[in-house]
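Got your viewer open? Let's take a walk through this one, selecting a few things at a time.

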Amino acid sequence: MRSSRTAGLLLAAGEGTRLGRPKAMVELGGERLVDRGVRLLEEGGCHPVVVVLGAATVQVRGAVTVRNPDWASGMGSSLRVGLAALPAEAESVVVALIDQPLIEPGAVRALIASGAGGLAVATYGGRRRNPVLIAREHWAGVAGMAVGDVGARPFMKAHPGLVTEVPCDEHGDPADIDTPEDLARLEARLTGARSEPQG
């Protein structure tokens with residue numbers, strides 16, 4: 001499956017209730033989470049990248065933005081809006097979440113390179129996390145089961161034979177940001193990594 005036929009979809013519509021502000025407006029290491037997410041997908045080989053916004057409207061360079069008017073209902077509606085906005089030439093999509101900023105582009109490349117014809121999911125420590133690659137033929141099925149605050153998981157659970165697990169332990173960390181404490185912890189990790197001596 002060629003990367004040029006794989007679009008990227010970043011879900012960034014949430015209000016960030018526990019965080020105290022929409023995640024699309026949050027910065028980590030001097031870069032907005034939404035820009036980190038777009039860069040993840042672009043550098044991973046996805047084109048174009050579509051960003052689903054909702055609670056906050058922000059300008060995003062290098063991506064197509066669409067608004068989910070029903071963002072408050074949860075991630076499922078954002079996934080449906082995003083899938084509907086993808087271009088006709090896309091044969092597959094890699095879906096990423098805005099609040100997992102330590103995942104690296106290598107995870108996206110690994111999903112695309114897996115050659116999975118149906119669904120491919122990144123695993124860390126043997127656990128399924130994000131991102132997820134979904135072939136076009138399954139978009140309708142995934143959208144139909146994405147209700148409330150769940151995404152592709154119900155469809156994958158219902159069709160285990162279609163799912164390829166792709167170990168991505170060497171391609172970053174799936175830690176997510178839900179609270180101010182999470183944000184401070186990841187900020188400290190980034191600062192520590194930048195200050196370590198090289199060589």
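Start with the charged pairs: searching the whole structure turns up 11 salt bridges. Keep in mind that this is a predicted model. As background, side chains of opposite charge can pair when their charged atoms come close.

**Stop 1: Arg5 and Glu91**

Select Arg5 and Glu91 and show their side chains, which meet in a salt bridge at 2.6 Å, N to O. Arg5 sits in the segment before strand 1, while Glu91 is in the loop between helix 2 and strand 6, so this pair ties together parts that are 86 residues apart in sequence. Add a surface if you like: Arg5 counts as partly exposed at 31% relative accessibility, and Glu91, at 34%, is also partly exposed.

**Stop 2: Glu165 and Arg128**

Next, pick Glu165 and Arg128. Their side chains form a salt bridge too, at 2.7 Å from N to O. This one links distant parts of the chain, with Glu165 in strand 9 and Arg128 in strand 8, 37 residues apart. Glu165 is partly exposed, with a relative accessible area of 42%; Arg128 is partly exposed as well, at 38%.

**Stop 3: along helix 6**

Now select helix 6, residues 180-195, and look for Asp182 and Arg185, which are three residues apart, about one turn of the helix. The closest N and O atoms of their salt bridge are 2.6 Å apart. Is Asp182 buried or exposed? Asp182 has a relative accessible area of 11%, and buried means under 20%, so Asp182 is buried. Its partner Arg185 counts as partly exposed at 47%.

Before leaving the charges, select Arg18, Lys23, Asp99 and Asp178 together: a network of salt bridges links them.

**Stop 4: the sheet**

Switch to cartoon and find the open sheet of seven strands. In what order do the strands run? The order is 5-4-1-6-8-7-9, and the pairing is mixed. At the edges you'll find strand 5 (64-67) and strand 9 (163-167), each pairing on one side only. Neighbouring strands here are turned by 25 degrees against each other on average, ignoring direction.

Zoom in on strand 1 (residues 6-12) and strand 4 (residues 49-53), a parallel pair held over five bridges. To see one bridge up close, select Leu10: its bridge partner in strand 4 is Val51.

Then bring in the helices. Helix 2 (residues 75-84) packs on the sheet and touches strand 1, strand 4, strand 5 and strand 6. Its direction makes about 150 degrees with that of strand 1. Helix 3 packs on the sheet as well, and its contacts are with strand 1, strand 6, strand 7 (119-124), strand 8 (127-135) and strand 9. Compare its direction with that of strand 8 and you get about 55 degrees.

**Stop 5: Leu102**

Finish at Leu102, in the loop between strand 6 (92-97) and helix 3 (105-113). Leu102 has a relative accessible area of 12% and is buried. What does Leu102 touch, not counting residues up to four places away in sequence? Show Arg36, Gly172, Asp173, Leu186, Arg189 and Leu190, and you have its contacts on that basis. For a last distance label, go from the C-alpha of Leu102 to the C-alpha of Asn130: these residues are 28 apart in sequence and 11 Å apart in space.

Definitions and conventions
Residues numbered from 1 in each chain as written. Predicted model: local features only at pLDDT ≥ 70, side-chain atom pairs only at ≥ 80, totals over all residues. Heavy atoms only, no water. Helix = DSSP H or I, 4+ residues; strand = E, 2+ residues; numbered from the N terminus. Buried < 20%, exposed > 50% of the residue type's maximum accessible area, 1.4 Å probe, protein only. Contact = heavy atoms within 4.5 Å. Pairing = 2+ DSSP bridges. Axes fitted to C-alpha atoms, helices over the stretch in contact; angles between N-to-C directions. Salt bridge = Lys/Arg side-chain N within 4 Å of Asp/Glu carboxyl O.
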